Amino acid sequence: MGRSLALLVLAVLATGCATRASYHRLTADVAALRGEVTDLRQAQEASSRDVTRTTAETRALEARLGEVSAAQTNAANEVATLRGRLDTAEGELREARARAVAATPPPASAPPTSPPPTSPRPSAPPAAAERPRAPAPRNAEQAYNVALATFRAREYGQAVLDFVDFMAKYPKHPLVANAQYWIGEAYYVQRDYRQAMTEFQKVLDVAPNSPKVPDALLKVGLCYRNLRDESRARQTWDRVAKDYPKSASATKARALLNEKASAATK
């Protein structure tokens with residue numbers, strides 16, 4: 001009996017010891033879990049802060065991108081506006097140039113061969129003033145002749161306008177090439193060689209088969225020479241001589257080419 005009681009006491013004591021050990025182990029496990037939860041919570045908070053910062057930076061970049069895109073759109077609109085203004089200004093300049101030719105004095109290289117009469121100037125203004133009161137031309141030939149007479153009177157600006165009006169009213173008339181040629185001549189006598197060359201070249205556009213084409217090309221070469229581009233001048237005259245060999249302009253072109261060649265050999 002006594003021996004059994006002793007064994008029971010020993011079993012109870014052993015069980016108590018085991019229970020305390022399990023308790024301590026469990027307490028340690030809970031503490032470890034709490035540490036891991038704390039670490040996870042801190043990591044989550046850091047991640048949340050990073051996400052918040054990244055979101056803010058993304059929004060800032062999107063706002064900046066919108067500003068840059070708007071600035072590009074505004075710049076493109078300004079460029080288009082400036083191009084439109086430039087085109088308008090160039091058109092107005094061309095129109096003003098045609099009207100301003102009349103105000104330019106005649107070239108000084110053509111002095112009169114004989115003493116002028118005592119009163120040429122008083123008689124000229126009344127004739128010019130009476131011109132607008134003349135009856136309007138009734139057909140294409142009359143319109144062309146009026147424009148040509150204006151040119152020969154050295155009223156170059158008005159002559160240009162008259163020839164342009166003639167070409168607008170009678171675009172298919174055989175004299176259209178002649179009218180375009182005289183427009184170039186009006187600028188040439190005023191020493192505006194670049195504009196003159198442009199107008200002479202238009203003769204080939206309005207009437208490529210006209211007999212006036214070689215005359216226009218001959219003058220294009222002279223424009224190049226006056227602009228100090230002798231190479232292109234000679235190329236143009238060579239074209240006249242080869243493409244229109246029987247024309248009077250071809251004879252003049254060959255003379256110009258030979259003249260330069262002779263000067264080079266001296």
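## Two rings from distant helices

Trp182 is buried, with a relative accessible area of 19%, which falls under the 20% limit for that class. This is a predicted model, and Trp182 makes a good place to start reading it. The ring of Trp182 pairs with the ring of Phe151: their centres lie 5.0 Å apart and their planes meet at 50°, so the pair is tilted. Phe151 is buried as well, at 9% relative accessible area.

Where do the two partners, Phe151 and Trp182, sit along the chain? Phe151 belongs to helix 3 (residues 140-152) and Trp182 to helix 5 (residues 176-189), so that the pair links distant parts of the chain, 31 residues apart.

## More aromatic contacts

The structure holds 9 aromatic pairs. One of them joins Phe166 and Tyr170; with ring centres 5.5 Å apart and planes at 45°, this pair is tilted. Is each partner here buried or partly exposed? Phe166 is buried, with a relative accessible area of 1%, whereas Tyr170 counts as partly exposed at 26%.

Ring pairs also build a cluster, and its members are Phe151, Tyr156, Tyr181, Trp182, Tyr188, Tyr193 and Phe200. Two tyrosines of that cluster are worth a look for their lysine neighbours. Lys212 lies over the face of Tyr181, 4.5 Å from the ring centre. Over the ring of Tyr188 sits the charged end of Lys219, at 4.6 Å from the centre.

## Helix 7

Lys219 leads us to helix 7, where this lysine is among the buried residues. Helix 7 covers residues 213-226, and its 14 residues reach 20 Å from the first C-alpha to the last, close to the 20 Å expected at 1.5 Å a residue.

How many residues of helix 7 are buried? The count is 11 of 14, so the helix is mostly covered, given that buried means under 20% relative accessible area. Besides Lys219, the buried set includes Val213, Pro214, Leu217, Leu218, Gly221, Cys223 and Tyr224. After helix 7 comes Arg228, whose phi is positive, near 65°.

## Salt bridges

Side chains of opposite charge can pair when their charged atoms come close. A search of the whole structure finds 11 salt bridges. Inside helix 6 (residues 193-206), Glu199 and Lys202 are 3 residues apart, about one turn of the helix. Their closest N and O atoms are 3.6 Å apart, which makes this a salt bridge because the cut-off is 4 Å. Glu199 is buried at 7% relative accessible area, while Lys202 counts as partly exposed at 33%.

Which residues join Arg225 in a network of salt bridges? They are Glu230 and Glu259. Between Glu230 and Arg225, the closest N and O atoms are 3.0 Å apart. Glu230 is partly exposed, with a relative accessible area of 23%, and Arg225 is also partly exposed, at 24%. Another salt bridge brings together the side chains of Arg232 and Asp229, at 3.6 Å from N to O. Arg232 is partly exposed at 46% relative accessible area, and Asp229 is partly exposed at 24%.

Definitions and conventions
Residues numbered from 1 in each chain as written. Predicted model: local features only at pLDDT ≥ 70, side-chain atom pairs only at ≥ 80, totals over all residues. Heavy atoms only, no water. Helix = DSSP H or I, 4+ residues; strand = E, 2+ residues; numbered from the N terminus. Buried < 20%, exposed > 50% of the residue type's maximum accessible area, 1.4 Å probe, protein only. Expected span 1.5 Å × (residues − 1). Phe/Tyr/Trp six-rings, centres within 6.5 Å; stacked < 30°, edge-to-face > 60°. Lys NZ or Arg CZ within 6 Å of the ring centre and 35° of its normal.
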